[in-house]
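Me: I would like to go through this model in short questions and answers. Please keep the reasoning brief.

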Amino acid sequence: MLVPMRKIQQVSFGGPAVLQLAESEKPVPGEGQVLVRVRAAGVNPADWKIRNGLVVGDLPLTVGLDFSGVVDSAGTRFKPGDEVYGVTFPPNGSYAEYVAVSEDALAAKPESLDHVEAAALPIAALTAWQPFTRLFPVGPGHRVLVHAAAGGVGHLAVQIAKAKGAYVIGTAREAKHAFLRDLGADELIDYTTSDFSKSQVVDVVLDPISGDYGPRSLDTLKPGGSLIDIVGHGPDRTEVRRKAEELGLRFDEFYVSPSGSDLAEIAALADAGSLRVSIAEVLPLEQAAKAHELSESGRVQGKLVLTIQG
Ligand SMILES: NC(=O)c1ccc[n+]([C@@H]2O[C@H](COP(=O)([O-])OP(=O)(O)OC[C@H]3O[C@@H](n4cnc5c(N)ncnc54)[C@H](OP(=O)(O)O)[C@@H]3O)[C@@H](O)[C@H]2O)c1
């Protein structure tokens, strides 16, 4: 007998009101996939960018990119009952009671974290981890500038760069400096009152803001330095590309990749106490629209998470 599940679906692009609570059959895992019972789903800015059509997706779609839950069907690496966290993509999103997902996009949930904390990690932590381990591997002696340091990606990027031994500078408004100092940031700049481009000399910049932050961030880089823009689709990068080329500096646009092996390393960091995730607010699945409104405010400190009962 087919068993229905609840999920947050959209059949048109638009504001938070297009998010609908819907019922459908549980997904059937395909080759290389397992079925996961989702306990909590992370909320990421990409969710509302897809919702409003800024990033194009196929309709109808189930929203959500990451989750933590319990394996329901046997795979080759995971068995029923295993606690896992991972990444999925719309139309088969994570704002749902079940998700069928590739085993390669999963790792064992960090043992020290509950499902809410684990669900907050995959997309944001991979977006901090992959640039700092692949595009510009950071280590002792490096000075690292993280913009939007108090955000979902930023507060994890600060800790990952610190765990790798770097000196870390973050931009955030003053009210968030104590939070970031507690996570290990060495220096903080209140971007509302001072110009980071005038005061810093760094090896690498992680930029979740883009726009005029691009050319201004290039002004902070040492020769051989690297600017990594993680915003994704949207901003025009013509000016920053031109300026980077002129100055002989590296500029990359970064897009996150699902990776179970990276998630395993991130879990180890969390279990060692070197990566803490800060939860701004936890809402039930039914309040996905409210979670999107909060995320779109651009002011969230840490991560928003949806919980799924039942
Ligand atoms: N390319 C990819 O694969 C990928 C993956 C993940 C995320 N992203 C993108 O990366 C961006 C950040 O994601 P996120 O999850 O970290 O977002 P978020 O959690 O919503 O970021 C919110 C934070 O941004 C800070 N902020 C806003 N404007 C700022 C400014 N001008 N300077 C410094 N800080 C500022 C806010 O702190 P204050 O109150 O201090 O301003 C707030 O704490 C989004 O655009 C997202 O779509 C891309």
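Reply: A salt bridge here is a side-chain nitrogen of Lys or Arg within 4 Å of a carboxyl oxygen of Asp or Glu. This is a predicted model: local features need pLDDT of at least 70, side-chain atom pairs count only at pLDDT 80 or more, and totals for chains, interfaces and linings use all residues. Residues are numbered from 1 along each chain as its sequence is written, and side-chain values use heavy atoms, with hydrogens and water left out.

Me: Which residue forms a salt bridge with Asp203?

Reply: Helices (H or I, at least four residues) and strands (E, at least two) are DSSP runs, numbered from the N terminus. The closest N and O atoms of the pair are 3.3 Å apart. Asp203 lies in strand E12 and its partner in strand E13 (residues 221-229), so the bridge ties together parts that are 19 residues apart in sequence. The partner of Asp203 is Lys222.

Me: Is Asp203 buried or exposed?

Reply: Buried means under 20% relative accessible area, exposed over 50%, and partly exposed in between (1.4 Å probe, protein chains only). Lys222 has 26%, so Lys222 is partly exposed. Asp203 has 11% relative accessibility, so Asp203 counts as buried.

Me: Where does Lys109 lie, the residue that pairs with Glu83?

Reply: The side chains of Lys109 and Glu83 meet in a salt bridge of 3.9 Å, N to O. Lys109 counts as buried because its relative accessibility is 10%, while Glu83, at 40%, counts as partly exposed. The pair links distant parts of the chain, 26 residues apart, with Glu83 in strand E6. Lys109 lies in the loop between strand E8 (106-108) and H2.

Me: Which residues are linked with Asp195 in a network of salt bridges?

Reply: Start with one pair: the side chains of Lys198 and Asp195 meet at 3.2 Å, N to O. Lys198 is exposed, with a relative accessible area of 69%. Asp195 is partly exposed at 27%. The residues linked with Asp195 in the network are Lys198, Asp212 and Arg216.

Me: How many salt bridges does the structure hold?

Reply: Side chains of opposite charge can pair when their charged atoms come close. Among the pairs here are Lys109 with Glu83 and Asp203 with Lys222. The structure's total is 20.

Me: Which element gives the most residues to the largest nonpolar core?

Reply: A nonpolar core is a set of buried Ala, Val, Leu, Ile, Met, Phe, Trp, Tyr and Cys residues joined through side-chain atoms within 4.5 Å. The largest has 51 residues, and those with the most contacts inside it are Leu121, Phe132, Leu180 and Ile266. Elements that give two or more residues include helix H2 (115-119), helix H3 (122-135) and helix H9 (260-271). The top contributor, with 7 residues, is H3.

Me: Which domains each give at least three residues to this core?

Reply: Domain bounds come from an automatic or database domain assignment. This core draws at least three residues from each of two domains. They are domain 1 (4-121 + 277-307) and domain 2 (124-253).

Me: Which residues is Leu121 in contact with, leaving aside neighbours within four places in sequence?

Reply: Contact means heavy atoms within 4.5 Å. Leu121 is among the core residues with the most contacts inside the core. Its partners are Asp66, Tyr85, Pro110, Leu113, Leu126, Leu156, Ile266, Leu275 and Val277.

Me: Which strands are the edge strands of the open sheet of 6 strands?

Reply: Two strands pair if DSSP finds at least two bridges between them. The order is E11-E10-E9-E12-E13-E14, with parallel pairing. An edge strand pairs on one side only. The edge strands are E11 (187-189) and E14 (250-253).

Me: What is the bridge partner of Ser226 in E14?

Reply: E13 and E14 run parallel and are joined by 4 bridges. In E14, the bridge partner of Ser226 is Arg250.

Me: What separates the C-alpha atoms of Leu65 and Pro90?

Reply: Leu65 lies in the loop between strand E4 (61-62) and strand E5 (66-71). With a relative accessible area of 6%, Leu65 is buried. Leu65 touches Pro90, and also Asn44 and Ile123 among others. The two residues are 25 apart along the chain, and their C-alpha atoms are separated by 7.0 Å.
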